[in-house]
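Q: Could you walk me through this structure and show how each label follows from its cut-off?

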Amino acid sequence: MSKTRFIETLSQWHLQHRLKEYEKYGARASGIKFRNKIHSFLLKFVTLDRVLSKRELHIIDDKHDKGEKPIIFAVTHIGGCDVESAFEAIKSPAWLLFGDPKEIYCIPTGLLLWFNGVVCVETRNKTDRRIAKERCVSILKDGGNILMFPEGAWNISPNQIVYHMYYGAVDMAMETNSQIVPVGIIRDKSNYYVNIGENINIADYGNNIKGLTYILRDIMGSLQWEIMERLPILHHSEIDSEYYHSWVNEIVDNQTATFSVEEVYETRFNPNYIIDYADAFEHLNHIKLNTNNAFLFDKRLHN
């Protein structure tokens, strides 16, 4: 059996196991207090791995407070070691909402996440998504925290600081009267920069899930900008023509879980009213040049 086939089979087994567990016991999570107690011990492994891997963690700011309400940490998704960097920066215990785990089931990192607390979900499976949400809601109602990536996929866009986001973070916060703490992360090679924003009280914003998600995205974008303002200025002349493709390949090829660029685009949130540049001009790839349409490619007409 090939590695890819093995991972697919293992993922399906875990998916079916979650469905059976849900039918038998419901969505409630166990061991929240125990995991809270051992969280600081688990963080030592995260720090040790960072040191041995020669990664640097830079906390730009931390404006959040633990408070008395459960917290949903909404983090920008940049790939690499963004999960580890987020946990080490926020320090607070939190269950990780992990989409499409793949290899995580059979490597030591998966065991560490299990001890930490993790809610796995196959994002293309509607039933599993519903179970994952119910499980997260149960954790929040029992006083636990959740760490999640509302973008739903690694951000490999050349110009979007934060992708459009799924409504789950806001929806769960409203249902459980939890707070949301936005977290921005930017990676520059082996340097990870983390910017933690202030707690957002959902009750202050009414019950407009979509509107508050837009507000949350704006806040997370501002956190990203604050990081970029602290980084060295890179002039356009210093950027190689293949920089973007090399950067994307570096993100996709150096991950624990094997995702293709196509899968990244498939699993991110795509509002039906937003059209990507590539989609808008995709029809040009099918035009057969002739004397009747040659004017479309005359650069003089577009100056």
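Q: What stands opposite Ile59, and what makes two strands a pair?
A: Ile59 stands opposite Val194 in β7. Two strands pair if DSSP finds at least two bridges between them. Strand β1 (residues 56-62) and β7 run parallel and are joined by 6 bridges, so they count as a pair by that rule of at least two. Strands here are DSSP runs of E with at least two residues, helices are runs of H or I with at least four, and both are numbered from the N terminus.

Q: Before we go on, what kind of model is this, and how are residues numbered?
A: It is a predicted model, in which local features need pLDDT of at least 70, side-chain atom pairs count only at pLDDT 80 or more, and totals for chains, interfaces and linings use all residues. Residues are numbered from 1 along each chain as its sequence is written, and side-chain values use heavy atoms, with hydrogens and water left out.

Q: How do you know that β6 pairs with β7, and in which sense?
A: Strand β6 (residues 179-188) and β7 share 6 bridges in the antiparallel sense. Val183 stands opposite Ile196 in β7. The hairpin of β6 and β7 has 2 residues between the strands, and Lys189 there takes a positive phi near 60°.

Q: What makes β7 a mostly covered strand?
A: Buried means under 20% relative accessible area, exposed means over 50%, and partly exposed lies in between (1.4 Å probe, protein chains only). In β7 (residues 191-196), 6 of its 6 residues are buried. Both faces are covered, with Asn191, Tyr193 and Asn195 buried on one side, and Tyr192, Val194 and Ile196 buried on the other.

Q: Where do Lys91 and Asp100 lie, and what is the sign of phi in each?
A: Lys91 sits in the loop between α3 (82-90) and β3 (95-99), and its phi is near 70°, a positive value in a residue other than glycine. Asp100 lies in the loop between β3 and α4 and has a positive phi of about 50°, although it is not a glycine. With a relative accessible area of 5%, Asp100 is buried.

Q: Why is Trp114 called partly exposed, and which patch does it help to make?
A: Trp114 has 49% relative accessibility, so it counts as partly exposed. Trp114 is found in helix α4, and together with Phe34, Leu111 and Phe115 it makes a nonpolar surface patch of about 430 Å². Helix α4 (residues 108-116) gives the largest share of that patch, 3 residues.

Q: How do you know that Cys120 and Cys136 are in no disulfide?
A: A disulfide is a pair of cysteine sulfur atoms within 2.5 Å. The structure holds 0 disulfides. For Cys120, the nearest cysteine sulfur is that of Cys136, 11 Å away, so Cys120 does not meet the limit of 2.5 Å. Cys120 counts as buried because its relative accessibility is 14%, and Cys136 counts as buried at 0%.

Q: Why is the protein chain called as compact as a globular protein of that length?
A: The protein chain has 10 helices and 8 strands. Its radius of gyration is 21 Å, close to the 19 Å that the globule rule gives for 303 residues, so the chain is as compact as a globular protein of that length. The radius is taken over C-alpha atoms, and the rule is 2.2 Å times the number of residues to the power 0.38. Of the 303 residues, 44% count as buried.

Technical notes: Patches are made of residues with over 30% relative accessible area and no salt bridge: like charges are joined within 9 Å, nonpolar side chains (Val, Leu, Ile, Met, Phe, Trp, Tyr) within 5 Å. Accessible areas come from the Shrake-Rupley method with a 1.4 Å probe; for residues, only the protein chains shown count as cover. A salt bridge is a side-chain nitrogen of Lys or Arg within 4 Å of a carboxyl oxygen of Asp or Glu.
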